[in-house]
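Me: I'm new to protein structures and not sure how to read one. Can we go through this one together, a feature at a time?

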Amino acid sequence: MCRSIKTLRPPATPEVTDEDIRAAALQYVRKVSGFRAPAAHNREVFDQAVDAVAAATQELLDGLQIRGSAARQHAHS
């Protein structure tokens, strides 16, 4: 049905884009709903779920404290 959702936190994925987050949210909603592409009558709720999961994912990634990430970030600057 859908590919695996990849890990988005550093250092597994050093550069995470909005597209990465949206793709993960879409994969999650597809898996949970059982629909790869929803019918027209389910499109609005499907899209709202993708938006909500993407927002929650961004909040999670913003709040995670990764050991040594600050040291790695300064090394690349």
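Me: Let's start with one residue. Is Ala52 exposed, partly exposed or buried?

Reply: Keep in mind that this is a predicted model. Buried means under 20% relative accessible area and exposed means over 50%, with partly exposed in between. Ala52 has 46% relative accessibility, so it counts as partly exposed. You'll find Ala52 in helix 2.

Me: How far is Ala52 from Val29 in sequence and in space?

Reply: They are 23 residues apart in sequence, and their C-alpha atoms are 10.0 Å apart in space.

Me: OK, zooming out: what secondary structure does the chain have?

Reply: Three helices and zero strands. Going along the sequence, you get the pattern α-α-α.

Me: How do I check a helix's length, say for helix 2?

Reply: Count 1.5 Å a residue. The 21 residues of helix 2 should then span 30 Å, and the C-alpha atoms at its ends are indeed 30 Å apart, so the two agree.

Me: And which residues of helix 2 are buried?

Reply: Here's the general idea: an α-helix has 3.6 residues a turn, so residues three or four places apart point the same way. Now the case here: Phe46, Val50, Ala54 and Thr57 are the buried residues of helix 2. Looking down the axis of helix 2, you'd see these buried residues within an arc of 75°, so they line one face of the helix.

Me: What about the other side of helix 2?

Reply: There, Glu44, Val45, Glu59, Asp62 and Gly63 are exposed.

Me: What covers the buried residues of helix 2?

Reply: The cover includes helix 1. For a close-up, take Ala25: leaving out residues up to four places away in sequence, Ala25 touches Val50, Val53 and Ala54.

Me: Which residues make up the largest nonpolar core?

Reply: Look for buried nonpolar residues joined through their side chains. In this chain the largest such core has eight residues: Leu8, Ile21, Ala24, Ala25, Val29, Phe46, Val50 and Ala54. Helix 1 (18–33) and helix 2 (43–63) are the elements that give two or more residues to this core. Helix 1 gives the most, with four residues.

Me: Last one: how much of the whole chain is buried?

Reply: Of its 77 residues, 19% count as buried. The accessible surface of the chain is about 5,900 Å², and 52% of that belongs to carbon and sulfur atoms. As for contacts between residues at least 6 apart in sequence, 58% join residues at least 24 apart.

Methods: Residues numbered from 1 in each chain as written. Predicted model: local features only at pLDDT ≥ 70, side-chain atom pairs only at ≥ 80, totals over all residues. Heavy atoms only, no water. Core = buried A, V, L, I, M, F, W, Y, C linked by side-chain atoms within 4.5 Å. Buried < 20%, exposed > 50% of the residue type's maximum accessible area, 1.4 Å probe, protein only. Contact = heavy atoms within 4.5 Å. Expected span 1.5 Å × (residues − 1). Arc of directions from axis to C-beta. Areas by Shrake-Rupley, 256 points an atom, 1.4 Å probe, with all protein chains shown as cover.
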